[in-house]
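Grab a coffee and work through these short exercises with the structure open beside you. Try each one before reading its solution.

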Amino acid sequence: CGPAGVGKSVLATALIDQLQRDVNNAKQGVDRFAARPLLFEPSELGSQDEIVSVDGLIQKIQDAKVASRVPSDAFHWLHDHGLTIWFFDGLDEFYRQQTDFFQMLSDKLKNPKSRAQVVICTRDSILASGEQLQRFLADQMADPNVEVDLFEVRRWAADTKRAFVERTLSAVGRFKDASEDERAAEADRIMAALEGANHQRELTDLPFYCRVFVEALLEGQASDVDDEFALLQRAIDTLIDREADKLKVDWTAFVTPQDAIAARTAMEAQSGGRAEREAKAQALLKQMGREGLEQLLGSAAHFYRFGQNDARAMNEISVEEWREALTPLYIDYELDEATQARYESALLQFPFFGRGDAEGSMGFIHELVADYLAAKFALALAEEKPKAVERWRLVVGARHPIENTVFYRFLRSALLAKPELRAAAVEACANPRLSAEQKATLTAL
């Protein structure tokens with residue numbers, strides 16, 4: 001387990017490649033026996049919403065991986081007798097929806113005659129919030145006949161980043177023929193950028209972000225790494241794109257039913273054939289869904305970082321409190337319970353959240369990302385109703401002081417660039433409905 005971007009899938013792929021080499025050696029008589037690895041992952045299973053049972057999952061994997069379909073019983077027999085090893089990677093939404101998946105695995109592992117082996121790769125946020133996964137692990141660990149190993153993939157330190165940079169440079173065309181001194185000088189330049197400021201160092205501790213920023217530097221886009229806000233937005237956009245592609249996200253999950261109907265109605269009124277209008281509707285819904293996702297993330301981040309007066313650390317918030325925070329807290333339209341549950345489930349697919357230090361707690365993986373999302377959300381609140389004092393109370397929240405935070409720097413920069421909004425903030429400072437702390441914060445902004 002580990003946060004998104006820490007390299008769980010890369011590690012699983014490396015292990016699968018080694019197992020496959022063992023299988024090939026066994027075929028050539030080098031080894032006596034080797035179990036064949038079988039990877040279950042979203043990219044080859046289609047929409048996880050379509051898989052309603054374990055048998056359905058097996059059917060999907062046979063369609064994608066097996067040249068000649070075998071009966072379900074035979075598929076299980078191969079696994080139970082140690083002839084295959086099952087790898088599950090990125091099926092977090094499937095785990096949430098199933099009632100028989102973990103029971104099936106438990107029956108296999110607890111059977112004294114079984115030689116079944118299973119590897120599950122999952123985000124630490126799912127390990128913290130997924131009740132079925134938690135019960136499954138606790139049940140297996142309590143059984144002396146079942147061997148369970150739990151590994152957490154660590155973030156990168158500076159020496160690992162350096163090794164990655166040097167390996168990357170050796171594969172880049174213009175550096176392949178460069179001298180050792182030239183490559184070392186370029187590696188020094190990149191490392192200085194990755195480790196030069198707190199926001200750069202913290203984000204690039206995760207391999208995924210490190211790769212994104214190294215590529216940006218090599219492409220000559222150093223401004224995206226030097227600019228704190230551009231760096232954070234690039235990180236957020238890239239991670240959303242990656243997860244949306246992996247999970248085959250239904251963007252309508254982040255669009256209210258009313259807005260979805262309105263979007264389709266508007267597209268139907270346009271000219272063009274039916275297929276063209278449907279394509280335009282899907283594009284519009286994707287755009288609206290992405291905006292809705294950032295709004296929900298911002299709402300949760302604002303509550304989490306600035307909606308509490310005790311300013312607790314992120315890893316001290318319980319999962320139950322998070323479930324309350326993940327509803328659109330400051331959004332004007334009302335949502336029924338079913339829609340709120342759909343929002344929560346869809347939102348947790350995106351890997352901005354991680355397991356906290358305290359048992360049963362979770363929070364944003366990066367405090368910097370949370371502050372940036374919260375600041376963008378707060379700015380949108382202020383811009384929508386700049387004359388409403390209540391909006392400014394929500395903007396500054398209950399956490400004080402906020403100086404030296406990304407939240408403070410972003411809002412201050414935005415207000416300096418928007419004279420009319422800044423004037424509205426000055427006017428709000430004189431209103432008695434703001435507390436002394438809120439007035440002080442707003443004055444500082």
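**Exercise 1.** What does the accessible surface of the protein come to, and what share of it belongs to carbon and sulfur atoms?

*Solution.* Keep in mind that this is a predicted model. The accessible surface totals about 22200 Å². Carbon and sulfur atoms account for 50% of that. Now look inside: of the 445 residues in the protein, 46% are buried.

**Exercise 2.** Work out the layout of the three-stranded open sheet and say which strands stand at its edges.

*Solution.* Start with the order, which reads E1-E2-E3, with parallel pairing. Next, count partners: E1 (36–40) and E3 (118–121) each have a single partner strand, so one side of each has no neighbour in the sheet. From one strand to the next, the twist averages 20°.

Then zoom in on the pairing of E1 with E2 (residues 84–89): the two run parallel and are joined by five bridges. Leucine 38 sits opposite tryptophan 86 of E2. Finally, add the helix: H3 (residues 72–80) packs on the sheet and touches E1, E2 and E3. The direction of H3 makes about 100° with that of E2.

**Exercise 3.** Check whether the span of helix H19 (residues 367–384) agrees with its number of residues, then decide whether H19 is mostly covered or not.

*Solution.* First, take the 18 residues of H19 at 1.5 Å a residue; the span should be 26 Å. The expected span counts one less than the number of residues. Second, compare: the end C-alpha atoms are 26 Å apart, which agrees. Third, look at burial: 13 of the 18 residues in H19 are buried, so the helix is mostly covered.

Conventions. Residues are numbered from 1 along each chain as its sequence is written. This is a predicted model: local features need pLDDT of at least 70, side-chain atom pairs count only at pLDDT 80 or more; totals for chains, interfaces and linings use all residues. Side-chain values use heavy atoms; hydrogens and water are left out. Two strands pair if DSSP finds at least two bridges between them. Helices (H or I, at least four residues) and strands (E, at least two) are DSSP runs, numbered from the N terminus. Axes are lines fitted to C-alpha atoms, for helices over the stretch in contact, and angles run from 0 to 180 degrees between N-to-C directions. Contact means heavy atoms within 4.5 Å. Buried means under 20% relative accessible area, exposed over 50%, partly exposed in between (1.4 Å probe, protein chains only). Accessible areas come from the Shrake-Rupley method with a 1.4 Å probe; for residues, only the protein chains shown count as cover.
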